[in-house]
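Me: I am new to reading protein structures. Please take me through a few features, one at a time.

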Amino acid sequence: VIEVEAVARQVRALYLLTKDDVRLFTRAGYVPCQRDDVPAAIRNTAQFATPCPATAVVMFKKLQSGASG
């Protein structure tokens with residue numbers, strides 16, 4: 001549901017942090033990435049910096065625009 005909403009809002013990628021659910025998110029199409037690869041606007045949020053420890057895995061998923069090219 002969040003991915004459908006993100007595409008509707010023309011979001012190009014979703015990022016998340018997880019400690020325990022890497023396999024779940026991998027099955028959903030997310031891939032691990034380095035923290036430095038996350039856009040600064042996301043990296044600088046309190047949600048990204050505070051609740052998850054440095055050991056959390058960062059993952060992202062590119063979204064399809066829905067427009068045919």
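Reply: Start with pairing: two strands pair if DSSP finds at least two bridges between them. This is a predicted model, and in it Leu 16 has Met 59 of β3 as its bridge partner.

Me: How many bridges join β1 to β3, and in which sense do these strands run?

Reply: There are 6 bridges between β1 and β3, and the two strands run antiparallel. On β2, the pairing with β3 (residues 57-62) is also antiparallel, over 3 bridges. Two positions show where β2 meets β3: Val 31 stands opposite Phe 60, and Cys 33 stands opposite Val 58.

Me: What is the order of the strands in the sheet?

Reply: The order is β1-β3-β2, in an open sheet of 3 strands with antiparallel pairing. An edge strand pairs on one side only, and here the edge strands are β1 (13-18) and β2 (31-33). From one strand to the next, the twist averages 40°.

Me: Now a single residue. Is Lys 61 buried or exposed?

Reply: The general idea is a cut-off: a residue is called buried if its relative accessible area is under 20%. Lys 61 has a relative accessible area of 17%, so it counts as buried. This lysine is found in strand β3.

Me: Which residues does Lys 61 touch?

Reply: Leaving aside residues up to four places away in sequence, Lys 61 touches Glu 3, Arg 12, Ala 13, Leu 14, Ala 28, Gly 29 and Tyr 30. For Ala 28 there is also a distance to read: its backbone oxygen lies 2.7 Å from a polar atom of the Lys 61 side chain.

Me: Where does Gln 10 lie?

Reply: Gln 10 lies in the loop between α1 (2-8) and β1.

Me: What is the phi of Gln 10?

Reply: Phi is a backbone angle, and its sign is the thing to read here. Gln 10 has a positive phi of about 65°, although this residue is not a glycine.

Me: Why does Gln 10 count as exposed?

Reply: The cut-off for exposed is over 50% relative accessible area. Gln 10 has a relative accessibility of 69%, and therefore counts as exposed. Set the two residues side by side: Lys 61 is buried, whereas Gln 10 is exposed.

Definitions and conventions:
Residues numbered from 1 in each chain as written. Predicted model: local features only at pLDDT ≥ 70, side-chain atom pairs only at ≥ 80, totals over all residues. Heavy atoms only, no water. Helix = DSSP H or I, 4+ residues; strand = E, 2+ residues; numbered from the N terminus. Axes fitted to C-alpha atoms, helices over the stretch in contact; angles between N-to-C directions. Buried < 20%, exposed > 50% of the residue type's maximum accessible area, 1.4 Å probe, protein only. Polar contact = N/O pair within 3.5 Å; in protein donor to acceptor, adjacent residues only side chain to side chain. Contact = heavy atoms within 4.5 Å.
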